[in-house]
Amino acid sequence: MRTVEVERVRTDEQIVDDVLAGEQGAFAQVVRRYERQVHAMVWGILRDHHAAEDVTQEVFIKAYERLGEWRGGALGAWLVAIARRAAIDQVRRNKWVGRGGVTAEFPEMAATDPTTVEDAAEVLAALGRLGEQEQQVILLRYFSGLQVSEIAAVVGSPVGTITKQLSRAMARLREYLRVDP
């Protein structure tokens, strides 16, 4: 009879405690858990996949170095806040032109179903038509999976403002895509 190893679900606090205690490999769990959210935030600002990958790596290095400064709460929101600052710093350092056209290529997308790629390209093009703030809240909410309160903490705006931005952004996306609510 074969035994199947089941990785137990660990809280962020437990993982961070293990990292701070010197357990090798524990931080990899943090990276696996939050890499997509961090990358989505960075990509949303830079609009360049390769630059976003580089900055995402920098974010996790910074987070590892500063892990002792984390005071509990939503680790994902803390990481996304670091990512946002790192991406903005990248823009300032390189005078990055991040508001150009939205690329329709995500390496994670499987090209097996042409309609999926076409639909994704259409959604990304519509997203690119939104204002910067609206793009950011959409990316954080739907690509990174953050709650409205977490988004408010990341961008430094009241929850009500984020709710309105999300509502307006979704209405515009529906209009651009001609989708019924």
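**Start in the core**

Select Val 30, Val 42, Leu 75, Trp 78, Leu 79, Leu 140 and Val 154: these are the residues with the most contacts inside the largest nonpolar core, a set of 47 residues. Keep in mind as you go that you are looking at a predicted model. Now colour the elements that give two or more residues to this core: H1, H2, H3 (49-66), H4 (75-94), H5 (114-129), H6, H7 (148-155) and H8. Which helix gives the most to this core? That is H2, with 10 residues.

Stay with Val 42 for a moment and show what surrounds it. Leaving out residues up to four places away in sequence, Val 42 touches Arg 47, Ala 52, Val 55, Thr 56, Ala 83 and Ala 87.

**Rings between H2 and H3**

Next, select Phe 27, Phe 60 and Tyr 64, which form one aromatic cluster. The structure holds two aromatic pairs. Take Phe 27 and Phe 60 to begin with: their ring centres are 6.3 Å apart and their planes meet at 75 degrees, so this pair is edge-to-face. Phe 27 sits in helix H2 and Phe 60 in helix H3, 33 residues apart, so to speak of this pair is to speak of a link between distant parts of the chain. Both of these Phe residues, Phe 27 and Phe 60, are buried.

Now swap Phe 60 for Tyr 64. Phe 27 and Tyr 64 are also edge-to-face, at 5.2 Å centre to centre with 75 degrees between the planes. With Phe 27 in helix H2 and Tyr 64 in helix H3, this pair ties together parts that are 37 residues apart in sequence. Are the two partners buried or partly exposed? Phe 27 counts as buried at 11% relative accessibility, while Tyr 64 is partly exposed, with a relative accessible area of 49%.

**Three salt bridges**

Switch to the charged side chains, where the structure holds three salt bridges.

- Select Asp 18 and Arg 10. Their closest N and O atoms are 2.2 Å apart. Asp 18 counts as buried at 17% relative accessibility, and Arg 10 is buried too, with a relative accessible area of 13%.
- Select Asp 12 and Arg 33. Here the closest N and O atoms are 2.7 Å apart. The pair links distant parts of the chain, with Asp 12 in helix H1 (residues 12-20) and Arg 33 in helix H2 (residues 26-46), 21 residues apart. Asp 12 is buried at 12% relative accessibility, whereas Arg 33 is partly exposed at 35%.
- Select Glu 134 and Arg 172. The closest N and O atoms of this salt bridge are 2.2 Å apart. Glu 134 lies in helix H6 (residues 132-143) and Arg 172 in helix H8, so the pair ties together parts that are 38 residues apart in sequence. Glu 134 is buried, with a relative accessible area of 12%, and Arg 172 counts as partly exposed at 34%.

**A stop on H6**

While H6 is on screen, pick out Gln 136, which is found in this helix. Gln 136 counts as buried, at 10% relative accessibility. Show its surroundings and, residues up to four places away in sequence aside, you will find that Gln 136 touches Met 41, Ile 45, Arg 84 and Val 155.

**Along H8**

Follow Arg 172 back into its helix and select all of H8, residues 159-177. How far apart are the end C-alpha atoms of H8? The distance is 27 Å, which agrees with the 27 Å that its 19 residues should span at 1.5 Å a residue.

Now colour the buried residues of H8: Ile 162, Gln 165, Leu 166, Ala 169 and Leu 173. Look down the axis and you will see that they cover an arc of only 100 degrees, which puts them on the same side of H8. The spacing fits a general rule: an α-helix has 3.6 residues a turn, so residues three or four places apart point the same way. Turn the view to the face away from the buried side, where you meet the exposed residues Lys 164, Arg 168 and Glu 175.

Zoom in on Ile 162 in helix H8. At 0% relative accessibility, Ile 162 counts as buried. Apart from neighbours within four places in sequence, Ile 162 is in contact with Val 137, Val 148, Ile 151, Ala 152, Val 155 and Ser 157. Draw a distance from Ile 162 to Ala 152: their C-alpha atoms are separated by 6.2 Å, with the two residues 10 apart along the chain.

Finish at Arg 178, just after H8, where the backbone takes a positive phi of about 55 degrees.

Key:
Residues are numbered from 1 along each chain as its sequence is written. This is a predicted model: local features need pLDDT of at least 70, side-chain atom pairs count only at pLDDT 80 or more; totals for chains, interfaces and linings use all residues. Side-chain values use heavy atoms; hydrogens and water are left out. Helices (H or I, at least four residues) and strands (E, at least two) are DSSP runs, numbered from the N terminus. The expected span of a helix is 1.5 Å times one less than its number of residues. Buried means under 20% relative accessible area, exposed over 50%, partly exposed in between (1.4 Å probe, protein chains only). The arc is that of the directions from the helix axis to the C-beta atoms. A salt bridge is a side-chain nitrogen of Lys or Arg within 4 Å of a carboxyl oxygen of Asp or Glu. A nonpolar core is a set of buried Ala, Val, Leu, Ile, Met, Phe, Trp, Tyr and Cys residues joined through side-chain atoms within 4.5 Å. Contact means heavy atoms within 4.5 Å. Rings of Phe, Tyr and Trp (its six-membered ring) pair if their centres lie within 6.5 Å; planes under 30 degrees apart count as stacked, over 60 as edge-to-face and the rest as tilted.
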